[in-house]
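Hi everyone, thanks for making the time. I'd like to walk you through a structure, so please have the viewer open and follow along.

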Amino acid sequence: MADSKTQAKWDAAAASFDLMGGFGPEKRWKARKEEFFSSMGGKILFLAVGTGLDIQCFPAGKDITGIDISPKMLEKAMPRVEHYPGQMTARLMDVHDMDFEDNAFDQVFTSCTFCSVPDPVKGLAGLRRVLKPGGTLKMFEHTGSTCFPFSVMLDLVNPLCRHLGPDINRDTVANVRAAGFEVGKVTNVYLDVVKFIEAVAPAA
Amino acid sequence: MERRVYFIFGDVLACVVTGAVAAWLTGLVVPADWFALVGMIIGMAIGMPVGMIGGFLFSPFFGAFEVMLPAALSGMIAGMVVGMGHTMDSTAFTGAVIGVGCLVFCYLLQARLQGEVY
């Protein structure tokens, strides 16, 4: 059962999502995202699909299952999903309550997702369940900052941001550890706010 | 460090405009002869939302956090500095210069922080 409050928030954002993120942010991050997604291999879970903006950065010929909590986002994403030159499906699903079997995927990729998952540790624990032991979690996420003055600014603005969309001051690396992953590599993309995180699901 | 001209232009534009607007608004609201600390706090309260709105407006064209964070910082600092004391005919220019300064700070911080952490 999907979290209806979160679903409604992202349904409402779907209409303007490409307008806000489809040009400037995508153009700025495209090369980094292509580099990030180039390591895709095996059976892959991708969340959250959103309107499918990231699909253009996926390497061709992969086996990808995408999920998203918002039907309106998925509706916009479907043309991009259908045009992906590989095997890709997209399903309506809440990361807190996934119906995949245990150990179903070799890799999980996320892209600006765990700023918005209401219970990030529970969501990440769900990803660990569906990842094979030794499988990799690769995240492109924005987090809080440890650098003054951005640390204070992000904390101050977060109550407003979380009402409209994502949280902007989460410690996602700590959340990944708290969910039982072994964090392997963290790379700063912009300041210490936007980053790549790589982690491994340990053997049970 | 950003090297693409289009994005450097966008970063500068966002910070200059946001800093100038925040400073100009602060100059309108805060009289020049107010106690500096009070003026600074009111300037910050004006500059922060202006910075956020500026970052939000420029973001679709030039990037997300790379625009929003420097613009928000520019608005906040410009409001604080002008709130501490100003002459009305120079507020917007002062804010624009502060915007450039904030962007340079962000570029230097980015050069220090970017890359593999561990």
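I'll start with the sheet, go on to the salt bridges, and finish with a few residues of chain B. Please keep in mind throughout that this is a predicted model.

So, the sheet. Eight strands make it up, and the sheet is open, with mixed pairing. Reading across, the order is β3(A)-β2(A)-β1(A)-β4(A)-β5(A)-β7(A)-β6(A)-β1(B). Notice that the last strand in that order comes from chain B. Which strands sit at the edges? They are β3 of chain A, residues 87-92, and β1 of chain B, residues 115-116, and each of these pairs on one side only.

Let's zoom in on one pair. Strand β1 of chain A, residues 43-47, runs parallel to strand β2 of chain A, residues 63-68, and five bridges connect them. If you want a spot to click on, take A:Lys43, which has A:Asp63 of β2(A) opposite.

Two helices of chain A pack on this sheet. Helix α3, residues 71-82, touches β2 and β3 of chain A, and the angle between its direction and that of β3(A) is about 170°. Helix α4 of chain A, residues 120-130, touches β1, β4 (105-111) and β5 (131-142) of chain A. For this helix, the angle with the direction of β5(A) is about 145°.

Now move along to β7 of chain A, residues 194-200. Is this strand enclosed or open to the outside? It is largely enclosed by the rest of the structure, because five of its seven residues are buried. On one hand, β7(A) is joined to β5(A) by seven bridges, and the two run antiparallel. A:Lys138 has A:Glu198 in β7(A) as its bridge partner. On the other hand, β7(A) pairs with β6 of chain A, residues 182-190, again in the antiparallel sense and over seven bridges. There you can find A:Asn188 opposite A:Lys195. β6(A) and β7(A) form a hairpin, with three residues between the strands. For those of you who like backbone torsions, A:Leu191 in that turn has a positive phi of about 45°.

On to charges. Side chains of opposite charge can pair when their charged atoms come close. Over all chains, the structure holds 14 salt bridges. Let me pick out a few.

One of them is between A:Asp18 and A:Arg80, at 3.0 Å from N to O. This pair links distant parts of the chain: A:Asp18 is in helix α1 of chain A, residues 4-21, while A:Arg80 is in helix α3 of chain A, and the two are 62 residues apart. A:Asp18 has 26% relative accessibility, so it counts as partly exposed. A:Arg80 is at 30% and therefore counts as partly exposed as well.

Another joins A:Arg91 and A:Asp99, with their closest N and O atoms 3.0 Å apart. A:Arg91 is partly exposed at 34% relative accessibility, whereas A:Asp99, at 53%, counts as exposed.

In chain B, B:Arg4 and B:Glu2 form a salt bridge with 2.8 Å between the closest N and O atoms. Here B:Arg4 is partly exposed at 35%, but B:Glu2 is buried at 16%. These two also belong to a network of salt bridges that includes A:Arg28 and B:Asp11.

Last stop: some uncharged residues of chain B. B:Thr18 is found in helix α1 of chain B, residues 5-29. How buried is B:Thr18? Its relative accessible area is 3%, so it counts as buried. Setting aside neighbours within four places in sequence, its contacts are B:Val50, B:Gly51, B:Gly54, B:Phe58, B:Ala71 and B:Gly75.

For a contrast, look at the surface. B:Trp34, B:Phe35, B:Leu37, B:Val38 and B:Ile41 make a nonpolar patch of about 510 Å². Among them, B:Ile41 lies in helix α2 of chain B, residues 36-62, and its 48% relative accessibility makes it partly exposed.

And finally B:Val97, in helix α4 of chain B, residues 91-113. B:Val97 is partly exposed too, at 46% relative accessibility. From B:Val97 to B:Met76 it is 13 Å, C-alpha to C-alpha, with their positions 21 residues apart in sequence.

That's my tour, and I'm happy to take questions.

Methods. Residues numbered from 1 in each chain as written. Chains lettered and ligands numbered in written order. Predicted model: local features only at pLDDT ≥ 70, side-chain atom pairs only at ≥ 80, totals over all residues. Heavy atoms only, no water. Helix = DSSP H or I, 4+ residues; strand = E, 2+ residues; numbered from the N terminus. Buried < 20%, exposed > 50% of the residue type's maximum accessible area, 1.4 Å probe, protein only. Patch = residues over 30% accessible without salt bridge, like charges linked within 9 Å, V, L, I, M, F, W, Y side chains within 5 Å. Areas by Shrake-Rupley, 256 points an atom, 1.4 Å probe, with all protein chains shown as cover. Salt bridge = Lys/Arg side-chain N within 4 Å of Asp/Glu carboxyl O. Pairing = 2+ DSSP bridges. Contact = heavy atoms within 4.5 Å. Axes fitted to C-alpha atoms, helices over the stretch in contact; angles between N-to-C directions.
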